[in-house]
Amino acid sequence: GLFVTDYFTRTPRKLSPFRSFASIELFHFHIPEDTIIAVWNLITFKEQGGTFGDQCPDRSITVYFRSGAPSVINPLHTHFPRDTAVPGSFALTLTWTLPNRTTGVFNVTSPLPGDWFLAAHLPKDEGKISVKGLYEECQYLFQPQLIVQRLVNIAVLYPGHVTEQSMAPHNRSCLYKVFVPSYTSRVLVEVLRCHGAEGCPLWLRVRAKAPPLHNSTALDCREHAPCQLALDLPFWQHWYYVLVEKHPGVPGTVSFQVTVQLTDCSRPSLARPPFPPSSASMNMPHSFGSVGGLALGDSPPPTSPNATKHPVSIPTASPASERCWPVRPTLRNELDTFSVHFYIFFGPNVSVPPDRPAVFVINLLPVLDSGGVLNLELRLNVSSLCGENATVFGCLNHEVPLTSSDNASVTCETESLAGFLLSVNATASLSHLRIPYPQTGSWYLSLRSLCATEHGFEPCTNVTAEVYLRAYLSPCINDCGIYGQCKLLRTNNYLYATCECKAGWNGWGCTDNAEAFSYGFQLLSTLLLCLSNVMFVPPVAIAVRSHCLLEAAIYIFTMFFSTFYHACDQPGIVVFCIMEYDVLQFCDFLGSLMSVWVTVIAMARLQPVIKQASAGKVLYLLGAMLLSMALQMDRHGLWNLLGPSLFALGIMAIAWTARTIRRRHCYPPTWKRWAFYLCPGALIAAAAVLLYAFVETEENYFYIHSIWHLLIAGSVGFLLPPRAKPSRRLGPLPRRKGCGYQLCVNEQEELGLVDQAVASINSICTS
């Protein structure tokens, strides 16, 4: 055949260590129909500081592949919530072949058409809290590329028509496809009039949605005459591909005919009355499926939004059976993103007759609905059983309904179909099913009531069970509980929701408490982070005693907002918020930076150097405005703390240098000030910064950050300058009588931060 090659690529993205599904990078691709092979080229490279990260350590990268919906992954092996079905996916681990770059290739032969999703992440790290901008971080970038090769002009088989084919010696196979519409119960593919050098040396392979593989349903025509391959319960509204393959080493030309027969389940059903349905037959749920009446499920299914309708029916698993059951549609009610309720007409209570199943269809829209959780709830009305030992079984299958005719073994699976089983009875009257990231399309729920006997389950004679049915789509499982937050994420134009857990809880729904924090630990950590701010009380008292009222006000501001910010920032249930979280965080960060700013400016003692009383006030106001701007730009940046601190230290150094030059003596002049105040305060502040920048992790955050509060407040108490002594002028000495001399005394010269002002006589003037 003729091949066409298509190329798709995505923008490189930075990978993160896995903590929850919110930390993965998700990539969305679309594979066209008739694709023979899909090749993913997985490119990964390191970066550090805008250059290649040759010095970065090698970290393995895990990539997940899934068709139809995102992968439901569990690399940490946590527990899923109860009644949760986990769909499978394929995982691939990439290793590094070069110092800063590696490439992996993933081939899929005859992939399923439609949406494909790739999820990638790094291994879980130790959870170190790093200061943004402190050092160049190693970044691992991942870029997937997709190359597909698809066939064009594949021969189409029409049901009931015979197609003749002659396979030349240099050809090995012929590929066909046939479209299977809705309400088809059986597909029969047959090879006729096969002539070759060794009888009929052909293999017949059939597969849904994509060209057949080596493990697809196959039949050897040399061993079976006639060469017929039958598929029961085929997928509705899909292409089926038929591959006629020649045995290896067969010479000459092989001629044959191929035909396809489809069994329509809707036609052999009972004749329906030409008159409209009566009100009694429409009275749900007990009159559902009454003989001679047209139930609502008999209404035609829409093939397209504006298409005409045909009778809806579903086959049984037995190919010999011609019975068809009505399918009841559901009404889609969209409340919000991934918040969709599927209402049943004349529901939510439905009746399950003893002699036939009750079947419902739930339609999930492509792409839009695959990022949430499909929830199903069955609740049995025990009083409707009339004392019988009956059980209602439900089978949820994708793209085709399944009702088993075998009562001995109730199952929702066949050789080609896989489904989910639910059951309710008088003992367990409630059943739940949750499917995270469900595949889109039509989901069919088939309900049957069977009575338990000594020989197994048998059809009930005179019991019509009543079941409450609820089906809905939600963003997360149980809204992630009290220890999680449901987040709505976006990758390009695709939306998906996931849980982000806290307080040590893990799992897809934040229900795994293997590493959860106890209530006592949560209370202790909250008290540590809040009460450690009481250490600011001594600096406030020192500032008030030193007449530094502005500094004292800022310390009180910092102590107040730091306390209530950490009370609101807790991951568990011991949380108390007096304002919005963002407001508390901004005020806490602003107060912390302003405390550093005003402390260093106060240490500079600018008023004796600059003969303006308002110089310090101007710097205080300027610092508040600049710090507010910096925090609004980047609240967690390194230069938000380092920049103002260095600027204030520069001002202090200039002031101290000017005073030293003017006096020709080191400032501060006393060794006691250096030994007992400045050096201990500087060491305590340096220790606090080192703990904050290099030691703090997510596990030790509670006590390391509390120690940070204590050290910072303690350093302020040491570094804050003492009360300035009032400057005094010595008036002229009284003039002596008879002697014409007068002592002239100049202004007070400040000698230190703690020394008293000394008045010196430096000249004698002649009166």
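Let's start in the middle of a strand pairing: Thr 163 has Val 258 of β19 as its bridge partner. The model you are looking at is a predicted one, and this pair is a handy place to enter it. Thr 163 belongs to strand β12, residues 162-167, which is joined to β19, residues 254-264, by six bridges, with the two strands running antiparallel. Strand β19 also pairs with β14, residues 184-195, and here nine bridges hold an antiparallel arrangement. If you would like a residue to click on in that second pairing, take Thr 184, which stands opposite Asp 264 in β19.

Now step back for a view of the whole chain. How many helices and strands does the protein have? There are eight helices and 35 strands. Of the 767 residues, 46% count as buried. If you take the contacts between residues at least 6 apart in sequence, 75% of them join residues at least 24 apart.

Back to the strands, this time as sheets. Strands of a sheet pair through backbone hydrogen bonds, in either a parallel or an antiparallel fashion. One open sheet has four strands in the order β3-β9-β6-β7, with antiparallel pairing. Its edge strands are β3 (25-31) and β7 (90-94), each of which pairs on one side only. On average, neighbouring strands of this sheet are turned by 20° against each other, ignoring direction. To follow one of its pairings by eye, look at β3 and β9 (residues 114-121), which are antiparallel and joined by seven bridges. Within this pairing, His 28 has Phe 117 of β9 as its bridge partner.

Another open sheet has five strands, ordered β11-β13-β18-β15-β16, and its pairing is mixed. Why is one side of β11 and of β16 left without a neighbour in the sheet? Both stand at the edges, and each has a single partner strand, so one side of each stays unpaired in the sheet. For β11 (155-156), you can trace the pairing with β13 (residues 173-180): two bridges join these strands, which run parallel. One such pair is Ala 155 and its bridge partner in β13, Tyr 176.

Just past the other edge strand, β16 (217-220), the loop leading to β17 (227-232) holds Arg 222. Is Arg 222 buried, exposed or partly exposed? Its relative accessible area is 44%, and since the partly exposed class runs between 20% and 50%, Arg 222 is partly exposed. Setting aside residues up to four places away in sequence, Arg 222 touches Glu 198, Cys 200, Pro 201, Leu 202 and His 247. Of these, Cys 200 is 22 residues away from Arg 222 in sequence, with 5.4 Å between their C-alpha atoms. With His 247 there is also a polar contact between side chains, at 3.3 Å.

Next, turn to the helices. In an unreviewed UniProt entry, the annotation "transmembrane region" covers residues 516-536, 548-567, 583-606, 618-635, 641-662, 674-695 and 701-720. How does the model fold these stretches? Residues 548-567 are 95% helix and 0% strand, and the C-alpha atoms at the two ends lie 29 Å apart. Residues 701-720 are likewise 95% helix and 0% strand, with the end C-alpha atoms 28 Å apart.

Two of the helices make a good packing example. Two packed helices are described by the angle between their axes and the distance between those axes. Helix α4 (residues 581-604) and helix α6 (residues 638-663) pack at about 5°, with axes 8 Å apart. That angle makes α4 roughly parallel to α6. The contact includes Leu 593, Trp 597 and Ile 601 among the residues of α4, and Phe 647, Met 652 and Trp 656 among those of α6.

Finally, visit two loops beside helices. His 636 sits in the loop between α5 (615-633) and α6, and at 49% relative accessibility it counts as partly exposed. His 636 and Ser 130 are 506 residues apart in sequence, yet their C-alpha atoms are 10.0 Å apart in space. Thr 697 lies in the loop between α7 (671-695) and α8 (701-719). With a relative accessibility of 17%, Thr 697 counts as buried, because the cut-off for buried is under 20%. Beyond its neighbours within four places in sequence, Thr 697 is in contact with Gly 127, Lys 128 and Ile 129.

Conventions:
Residues are numbered from 1 along each chain as its sequence is written. This is a predicted model: local features need pLDDT of at least 70, side-chain atom pairs count only at pLDDT 80 or more; totals for chains, interfaces and linings use all residues. Side-chain values use heavy atoms; hydrogens and water are left out. UniProt positions are given in the numbering used here, feature names are shortened, and annotations may be inferred rather than shown by experiment. Two strands pair if DSSP finds at least two bridges between them. Buried means under 20% relative accessible area, exposed over 50%, partly exposed in between (1.4 Å probe, protein chains only). Contact means heavy atoms within 4.5 Å. A polar contact is a pair of N or O atoms within 3.5 Å; within protein, one must be able to donate a hydrogen and the other to accept it, and residues adjacent in sequence count only if both atoms are side-chain atoms. Axes are lines fitted to C-alpha atoms, for helices over the stretch in contact, and angles run from 0 to 180 degrees between N-to-C directions. Angles under 35 degrees count as roughly parallel, over 145 as roughly antiparallel, 65 to 115 as roughly perpendicular and the rest as oblique.
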